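Subject: Structure for you to look at

Hello,

Here is the structure I said I would pass on. My notes on its packing and its aromatic rings follow below it.

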Amino acid sequence: MNYCDIKYTDMLNGQGIRVSLFVSGCSHYCKGCFNSDTWNPNYGFPFTEDIENNIINYFYKYSSSLRGLSLLGGDPTYHDNIPHLVKFLTKFKQHFPNKDIWIWSGYTWENIIQNSQRLELIKLCDVLIDGKFDIEKKDPNLKWKGSSNQRVIDIQKSLKYNSIIEKE
Ligand code: SF4
């Protein structure tokens, strides 16, 4: 898996101060995509074990001020990214079980829960922003999402009650 950016102090992508990892690879090709370079899974840099450890060490250093980790792209749920992120998130959660994890996907919730690989990944996360970016529904005033068709979903509650529950 490749990544194109890591923002170590991000206050835009999720609640609180976060570390945001932007991975490469996306097969949604949304019109008006803000980051079309990342459609190519080979764009950017290899996400190595050293990079994983850099992120984990950063959390150890600034744990008290960091609320959690955000995964964006590209698309973290792009099929080739999933095994790498499952491995990384499993490790991350062993170190930081109380930090929350937000994930953005071009797939909808309905699609994700029918795909065992994508489901395995989002089960490790707390909040999902789902669906493709729709330029016709673009709204810069929306929080954490680019267009009004997307939803900010509380993953664990939605799985528990088998119904989409949006984050309050
Ligand atoms: S899902 Fe995101 S990265 Fe992929 S094309 Fe759509 S807006 Fe761009």
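Please keep in mind that this is a predicted model. A good place to start is L69: apart from neighbours within four places in sequence, L69 is in contact with R18, V19, I55, F59, F88, L89, F92, D100, I101 and W102.

L69 is also one of the residues with the most contacts inside the largest nonpolar core, together with L21 and L89. That core has 35 residues. At least two residues of this core come from each of the strands β1 (2-10), β2 (18-23), β4 (68-72) and β5 (100-104), and likewise from each of the helices α1 (49-62), α2 (82-95), α3 (109-112) and α4 (116-122). The most is given by α2, with six residues. A second core, separate from this one, has nine residues, among them F22, W102, W104 and V127.

On the aromatic side, the count is 13 pairs. One of them is F59 with F92, an edge-to-face pair with 4.9 Å centre to centre and 80° between the planes. F59 is in helix α1 and F92 in helix α2, so this pair ties together parts 33 residues apart in sequence. F59 is buried, at a relative accessible area of 0%, and F92 is buried, also with a value of 0%. Both rings belong to a cluster in which ring pairs link Y3, F45, F47, F59, Y60, F88, F92 and F96.

One charged side chain is worth a look too: R118 lies over the face of Y107, at 3.6 Å from the ring centre.

Regards

Technical notes. Residues are numbered from 1 along each chain as its sequence is written. This is a predicted model: local features need pLDDT of at least 70, side-chain atom pairs count only at pLDDT 80 or more; totals for chains, interfaces and linings use all residues. Side-chain values use heavy atoms; hydrogens and water are left out. A nonpolar core is a set of buried Ala, Val, Leu, Ile, Met, Phe, Trp, Tyr and Cys residues joined through side-chain atoms within 4.5 Å. Buried means under 20% relative accessible area, exposed over 50%, partly exposed in between (1.4 Å probe, protein chains only). Helices (H or I, at least four residues) and strands (E, at least two) are DSSP runs, numbered from the N terminus. Contact means heavy atoms within 4.5 Å. Rings of Phe, Tyr and Trp (its six-membered ring) pair if their centres lie within 6.5 Å; planes under 30 degrees apart count as stacked, over 60 as edge-to-face and the rest as tilted. A charge sits over a ring if NZ of Lys or CZ of Arg is within 6 Å of the ring centre and within 35 degrees of the ring normal.
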